[in-house]
Amino acid sequence: MDLNSLRDLYPAPFPNNVPIADIQKLSLKKLLDDDPIETQKMFDILSGVGFFYLDMMDHEKGRKLWEDACTAARSGMEVFPHTPLAEKRDYKAPKGVKVLDRGYQVGAVNEDGTPRDSEMFMIPQHEMLGFGKSDWTLPGWLAKHEERFQNALRSGNVIANVVLGVLEKKLQLAPGTFTSLHRLTDSSGDFLRVIRYPGSKDVSRVDPLRFPPHKDAVSVAILFTWLGGLQMIAPDAPVGLNQFMIPDEHWRWIKPLPGTALINLGEAMEIFTNGVLKAGMHRIVKAPGDQIYHDKYSVLLVARPEANTPMKAFESPMIPPPTADQAKAPVYNSFEWGNRRIQQLQDFIDGLQTRRAGKEAKLERSW
């Protein structure tokens with residue numbers, strides 16, 4: 001891999017004086033070959049710390065997704081800084097039940113009308129690839145990148161199902177138990193998200209927190225990022241603390257590694273396995289060292305269960321049966337559950353932003 005060709009994505013080096021998370025790197029080729037040592041490593045990781053690097057360079061399917069992700073990030077570089085905010089805001093998610101799989105979203109805005117912390121656009125997989133009937137179209141400022149987004153969505157679904165296929169086998173579930181719920185053609189709320197975190201000019205006035213601690217309301221998240229800012233909880237962090245009360249010294253930086261994707265599970269897999277598999281808790285802060293001065297771009301691809309999937313645990317000798325309380329709890333389908341979880345997170349962020357600003361502040365949303 002020629003790092004010289006990636007200088008636009010790596011404008012400054014990652015500092016060597018910050019505490020870095022100890023995350024294993026796994027081989028995509030070995031997972032595809034059903035290597036028993038590699039598949040067991042992945043299962044152990046996703047039953048524990050919840051994050052691993054996936055080497056995208058040792059198999060053609062991985063190299064394809066890496067190239068597609070770099071291309072999607074460069075699409076963000078072309079459009080975010082050069083498209084008027086009003087035009088970007090016109091790309092809205094439709095009203096009704098949804099899972100934040102489409103539209104443009106911006107957090108706090110500076111006095112000059114530029115995004116302060118982050119801005120993002122989401123591309124829905126089902127409509128982008130032409131499955132089903134829909135009047136959805138890409139907005140004009142994104143239209144020329146259509147083929148790039150389609151390529152990334154197809155490649156992402158392939159890699160997500162590699163992970164899901166290994167997990168269903170390790171959990172002694174029938175072949176297809178997970179993968180049949182995450183098909184490319186399903187209406188599931190899968191999406192491609194491109195995010196820009198603007199660089200900071202005046203570091204003395206920077207509020208370090210960009211996005212609070214959370215788990216993803218998905219099955220599998222595949223993240224490509226080229227500058228720091230993502231953090232996970234250290235293994236020695238105090239047990240039992242609310243995630244919002246964990247002190248900064250118990251968070252660890254996740255260092256971006258060229259040629260890899262960062263993989264974590266979302267809360268859907270915790271539900272399907274009654275807690276056997278773990279969703280990775282993480283937060284996003286300002287980039288470390290000299291990286292703080294540069295715009296950071298990330299590309300996120302997610303797999304979610306098909307929209308009508310009941311959100312409850314599967315039966316398997318490897319999965320604990322439901323407790324009495326779990327058996328009495330209402331069972332939502334995947335779309336209803338995803339909508340509830342995202343609304344809860346956005347309500348929390350609204351409250352956090354209001355407290356930080358000293359006045360009411362709300363994320364833009366159309367529900």
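## An open mixed sheet around strand β12

Strands β5 (residues 191–197) and β12 run antiparallel and are joined by 7 bridges. The model is predicted: local features need pLDDT of at least 70, side-chain atom pairs count only at pLDDT 80 or more, and totals for chains, interfaces and linings use all residues. Residues are numbered from 1 along each chain as its sequence is written, and side-chain values use heavy atoms, with hydrogens and water left out. Helices (H or I, at least four residues) and strands (E, at least two) are DSSP runs, numbered from the N terminus.

**The sheet.** An open sheet of 8 strands has the order β1-β2-β10-β7-β12-β5-β4-β3, with mixed pairing. Its edge strands, β1 (25–27) and β3 (103–106), each pair on one side only. Neighbouring strands are turned by 25° against each other on average, direction ignored. Here two strands pair if DSSP finds at least two bridges between them. Strands of a sheet pair through backbone hydrogen bonds, either parallel or antiparallel.

Four antiparallel pairs are set out below, including that of β5 and β12.

| Strand pair | Bridges | Residues standing opposite |
|---|---|---|
| β5 and β12 | 7 bridges | Arg196 and Tyr297 |
| β7 (residues 220–225) and β12 | 6 bridges | Val220 and Ala303 |
| β4 (residues 119–124) and β5 | 6 bridges | Phe121 and Val194 |
| β2 (residues 51–55) and β10 (residues 260–265) | 5 bridges | Phe52 and Ile263 |

Val194 links two of these pairs. It is the β5 bridge partner of Phe121, and its own bridge partner in β12 is Val299.

**Burial of β12 and β5.** Buried means under 20% relative accessible area, exposed over 50%, partly exposed in between (1.4 Å probe, protein chains only). In β12 (residues 296–303), 8 of the 8 residues are buried, so the strand is largely enclosed by the rest of the structure. Lys296, Ser298, Leu300 and Val302 point one way, while Tyr297, Val299, Leu301 and Ala303 point the other. In a regular strand the side chains alternate between the two faces of the sheet. β5 is mostly covered too, with 7 of its 7 residues buried. One side of β5 carries Phe191, Arg193, Ile195 and Tyr197; the other carries Leu192, Val194 and Arg196.

**Helices on the sheet.** Contact means heavy atoms within 4.5 Å. Axes are lines fitted to C-alpha atoms, for helices over the stretch in contact, and angles run from 0 to 180 degrees between N-to-C directions. Helix α7 lies across β2, β4, β5, β7, β10 and β12, at about 130° to β7. Helix α2 (residues 36–46) lies across β1, β2 and β10, at about 140° to β1.

**The core.** A nonpolar core is a set of buried Ala, Val, Leu, Ile, Met, Phe, Trp, Tyr and Cys residues joined through side-chain atoms within 4.5 Å. The largest one has 93 residues; Phe121, Ile123, Leu167, Ile222 and Phe224 have the most contacts inside it. Helix α7 (residues 146–170) gives the most to this core, with 10 residues. Leaving out residues up to four places away in sequence, Ile123 touches residues including Tyr91, Trp136, Phe149, Leu153 and Phe191.

**Two buried polar residues.** Gln231 belongs to strand β8 (residues 230–233) and is buried at 4% relative accessible area. Its side chain makes a polar contact with the side chain of Arg283 (2.7 Å). A polar contact is a pair of N or O atoms within 3.5 Å; within protein, one must be able to donate a hydrogen and the other to accept it, and residues adjacent in sequence count only if both atoms are side-chain atoms. Asp350, in helix α10 (residues 334–357), is buried at 8%. Asp350 and Gly107 are 243 residues apart in sequence but 9.8 Å apart in space, C-alpha to C-alpha.
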